[in-house]
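Please look over the sequence and the model below before reading on. The paragraphs that follow go from a single residue to its surroundings, and then to the pocket.

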Amino acid sequence: VIETCQQHFAWGAQAWADPRVSLHIADGAAFVRNAPPGTFDVIIQDSSDPWTWGPDGSPVELPSAVLYEPDHFAALFRALKPGGLLNLQAE
């Protein structure tokens with residue numbers, strides 16, 4: 001996704017060149033849980049859907065479901081500096 005943005009969107013190449021940007025591609029829940037309090041000015045979370053549907057139409061929880069749990073949201077806010085911004089991708 002990062003390479004596609006860099007190639008096809010003008011903002012994509014410029015955003016990652018900004019010295020204030022640190023891109024972390026990792027287990028998001030573990031990363032935020034282990035971040036020291038008040039570390040980040042901005043957190044942008046673009047996560048997968050928390051569930052899908054099985055062949056019988058019943059919901060199937062996916063590993064990304066942890067990113068939608070109250071403990072994860074608490075960890076996100078703990079990791080933000082005072083006045084920090086949290087941006088979540090949503091559909």
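**Ile-43 and its surroundings**

Ile-43 counts as buried because its relative accessibility is 10%, and the cut-off for buried is under 20%. The model is a predicted one. In it, Ile-43 is found in strand β1, which spans residues 40–45.

What does Ile-43 contact, leaving aside its neighbours within four places in sequence? The residues are Leu-76, Ala-79, Leu-80, Leu-85, Leu-86 and Asn-87. One of these, Ala-79, is 36 residues apart from Ile-43 along the chain, and the C-alpha atoms of the two are separated by 8.6 Å.

Ile-43 also belongs to the largest nonpolar core, which has 8 residues in all. The other members are Val-32, Ala-35, Phe-40, Ala-75, Leu-76, Ala-79 and Leu-80. Strand β1 and helix α4 (70–79) each supply at least two residues of this core, and α4 provides the largest share, with 3 residues. As a general point, nonpolar side chains in soluble globular proteins tend to be buried together.

Phe-40 is another member of this core. Not counting residues up to four places away in sequence, Phe-40 touches Phe-31, Ala-35, Ala-79, Leu-80 and Lys-81. Among these, Ala-35, Ala-79 and Leu-80 are listed in the core.

Gln-45 also has its place in strand β1. Is Gln-45 buried or exposed? Gln-45 is buried, because its relative accessible area is 11% and buried means under 20%. Leaving aside its neighbours within four places in sequence, Gln-45 is in contact with Leu-67, His-72, Leu-76, Asn-87, Leu-88 and Gln-89. Leu-76 and Asn-87 also appear among the contacts of Ile-43.

The next topic is the pocket. The largest pocket has a volume of about 1300 Å³. It is lined by 35 residues, and the closest to its centre are Leu-23, His-24, Ile-44, Gln-45 and Asp-46. Elements that give two or more residues to this lining are the helices α1 (2–8), α2 (10–17) and α3 (28–34), together with the strands β1 (40–45) and β4 (80–88).

Which element gives the most to the lining of the largest pocket? That element is β1, with 6 residues. By class, the lining has 20 nonpolar, 10 polar and 5 charged residues.

Strand β1 thus appears in both parts of this account: β1 supplies at least two residues of the largest nonpolar core, and β1 gives the most to the lining of the largest pocket.

Note on methods
Residues numbered from 1 in each chain as written. Predicted model: local features only at pLDDT ≥ 70, side-chain atom pairs only at ≥ 80, totals over all residues. Heavy atoms only, no water. 1 Å grid on protein atoms, 1.4 Å probe; cavity = no way out; pocket = protein on both sides within 12 Å on 5 of 7 lines; lining within 4 Å. Points joined across faces, edges and corners; volume = space filled by probe spheres on them. Helix = DSSP H or I, 4+ residues; strand = E, 2+ residues; numbered from the N terminus. Nonpolar A, V, L, I, M, F, W, Y, C, P; charged D, E, K, R; others polar. Buried < 20%, exposed > 50% of the residue type's maximum accessible area, 1.4 Å probe, protein only. Contact = heavy atoms within 4.5 Å. Core = buried A, V, L, I, M, F, W, Y, C linked by side-chain atoms within 4.5 Å.
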